[in-house]
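User: I want to learn how to read interfaces, cores and helix packing in a model. Can you take me through a case?

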Number of protein chains: 2
Amino acid sequence: MRERKKQATREALRTAALRLALERGPENVRVDDIAEAAGVSPRTYNNYFSSREEAIIAAVTAERGSRVAAAVAARSAEVSLADAVIDAVVELYTDSGDHPPDALLMITTSPALRACYVDTVTTIEGPIAEAIVERRPSMDHLTAKVLSASVGAAAKVALRQWLQSASVTPSMSGFVVPSGSLPDLVRTTLMPLAPALDAAATH
Amino acid sequence: MRERKKQATREALRTAALRLALERGPENVRVDDIAEAAGVSPRTYNNYFSSREEAIIAAVTAERGSRVAAAVAARSAEVSLADAVIDAVVELYTDSGDHPPDALLMITTSPALRACYVDTVTTIEGPIAEAIVERRPSMDHLTAKVLSASVGAAAKVALRQWLQSASVTPSMSGFVVPSGSLPDLVRTTLMPLAPALDAAATH
DNA sequence: TCAAATTTTTGCGCGCACGCAAGTTTTCGT
DNA sequence: ACGAAAACTTGCGTGCGCGCAAAAATTTGA
């Protein structure tokens with residue numbers, strides 16, 4: 001019940017941050033503005049988010065953790081661990097959720113938001129680790145952490161590559177990326193980890 | 001040649017930071033102190049390091065990148081890619097370099113330094129990626145990045161585990177870690193990635 | 001219901017990170 | 001050797017992150 005209120009203010013801060021950022025542009029939003037819009041003190045903002053960008057990003061990536069966890073769990077026990085995890089992560093990046101479509105554009109435009117967005121991938125590692133041990137209870141917890149951390153790292157590589165190739169968009173470039181599709185890129189970066197996932201799963 | 005001077009001040013800042021931190025304790029060192037000790041303006045400090053802890057950590061981890069790269073390259077072409085990379089990274093953490101022995105203790109003691117120390121693992125990822133493509137020129141660069149990022153992620157897991165188990169040192173604990181040896185722990189966390197490394201190496 | 005205990009919010013203060021626009025040094029072309 | 005160009009340093013100003021301790025709100029126990 002106390003927890004209710006905390007999640008409420010958290011959500012209030014997130015949505016206020018995103019709204020203001022979309023209205024005025026990310027550069028023209030101070031944390032005082034966000035705090036005021038959410039009806040809390042500026043100091044309280046930093047009890048919930050440890051940087052100015054974090055709230056904005058959180059508005060977009062809030063339930064990432066639970067979504068991957070669910071996506072992994074949803075995969076039939078027949079498919080390999082690698083396929084389950086990889087497909088789940090790819091799925092995460094296929095549908096952009098129910099957010100204002102210009103939000104993503106704003107993130108890719110602002111360097112600070114880009115950086116924060118990439119860092120936020122870490123969020124999914126814990127849930128993935130849990131989902132893995134749930135699938136393979138016999139697996140060492142430390143190994144599960146390593147695998148999920150590797151998945152997160154691979155996803156970060158994909159994200160960075162995509163963001164960079166997106167920033168060099170117009171006309172020519174070194175065409176580093178064969179495909180402009182983020183989900184495809186994510187799948188590509190996750191593929192090399194499949195042997196590790198499967199090997200760990202089969203003993 | 002101009003580059004000489006830059007590296008000189010960089011080194012001056014690093015060593016000054018480490019010395020002061022060891023003398024007074026990390027909490028009692030302001031960046032102004034470090035800058036003054038190195039004979040530059042406080043503003044210049046932030047042209048070289050983007051946080052107060054970074055310089056201290058850099059004093060200990062300065063040539064990590066070149067060291068792993070060399071260690072990987074030193075492995076005979078006969079041994080598998082996985083063995084080469086894993087052994088190289090483990091070697092990185094076996095000898096602590098020629099630093100004051102109390103430096104590591106200070107790092108493990110201060111939370112801020114711990115965090116920064118873990119983050120610094122990222123430093124080795126670029127060099128490892130290059131070392132990998134040098135070994136397997138036919139390998140896709142993106143795959144190399146993914147693998148090196150995974151190696152970095154695994155090393156971070158090891159480091160976090162080690163630091164945490166070290167902070168709960170005295171008497172009983174949930175004995176999360178079987179071995180108190182960091183190199184052994186690193187090897188343990190890297191093992192699960194071996195299949196991925198080898199699979200990528202053999203196309 | 002009321003008071004003690006726990007948790008959360010808030011104000012305050014300090015130091016830090018960094019953009020910006022000079023000022024200073026180094027490099028280079030002729 | 002000299003002046004233009006590029007690179008590095010510095011001072012300044014602003015906003016931010018967070019430790020700390022007091023105040024406010026919430027939960028708990030009787």
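Analyst: We go from the chain interface to the core, the DNA and one helix pair. Keep in mind that this is a predicted model.

User: Start with the interface. How many residues of chain A are in contact with chain B?

Analyst: In general, the size of an interface is often given as the accessible area lost when the parts come together. Here we count residues in contact instead. 21 residues of chain A meet 21 residues of chain B.

User: Which elements of chain A give two or more residues to that side?

Analyst: They are α10 (141-167), α11 (182-190) and α12 (194-201) of chain A. The largest share comes from α10(A), with 13 residues.

User: How does the side of chain A that touches chain B divide by class?

Analyst: That side has 13 nonpolar, 6 polar and 2 charged residues.

User: Next, the core. Which residues have the most contacts inside the largest nonpolar core?

Analyst: The general idea first. In soluble globular proteins, nonpolar side chains tend to be buried together. In this model, the largest nonpolar core has 82 residues. Those with the most contacts inside it are A:V85, A:V89 and A:A154, along with B:V85, B:V89 and B:A154.

User: Take one of them. What does A:A154 touch, leaving out residues up to four places away in sequence?

Analyst: In chain A, A:A154 touches A:T189, A:L190 and A:L193. In chain B, A:A154 touches B:V146, B:A149 and B:S150.

User: Now the DNA. Which residues are closest to strand D?

Analyst: Read a DNA surface by residues, then elements, then classes. 18 residues surround DNA strand D, and the closest are A:R30, A:S50, A:S51, B:S41 and B:T44. Two or more residues each come from α2 (31-38) and α3 (42-48) of chain A, and from α1 (2-24) and α3 (42-48) of chain B. By class, this surface has 3 nonpolar, 7 polar and 8 charged residues.

User: And which come nearest to strand C?

Analyst: Of the 18 residues around DNA strand C, the nearest are A:S41, A:T44, B:R30, B:S50 and B:S51. Elements giving two or more residues are α1 (2-24) and α3 of chain A, with α2 (31-38) and α3 of chain B. The classes are 3 nonpolar, 7 polar and 8 charged.

User: Last, helix packing. At what angle do α4 and α8 of chain A pack?

Analyst: Read the angle, the axis distance, the hand and then the residues. Helix α4 (residues 52-61) and helix α8 (residues 111-119) of chain A pack at about 65°, with axes 9 Å apart. The crossing of α4(A) past α8(A) is right-handed.

User: Which residues meet there?

Analyst: From α4(A), A:E53, A:E54, A:I56 and A:I57 meet A:A112, A:L113, A:C116 and A:Y117 of α8(A). By class, this contact has 6 nonpolar, no polar and 2 charged residues.

Conventions. Residues numbered from 1 in each chain as written. Chains lettered and ligands numbered in written order. Predicted model: local features only at pLDDT ≥ 70, side-chain atom pairs only at ≥ 80, totals over all residues. Contact = placed C-beta atoms within 7 Å. Helix = DSSP H or I, 4+ residues; strand = E, 2+ residues; numbered from the N terminus. Nonpolar A, V, L, I, M, F, W, Y, C, P; charged D, E, K, R; others polar. Core = buried A, V, L, I, M, F, W, Y, C linked by C-beta atoms within 7 Å. Buried ≥ 20, exposed ≤ 12 C-beta atoms within 10 Å, placed from the backbone. Near = placed C-beta within 6 Å. Axes fitted to C-alpha atoms, helices over the stretch in contact; angles between N-to-C directions. Left-handed = near helix turned anticlockwise from the far one by under 90°.
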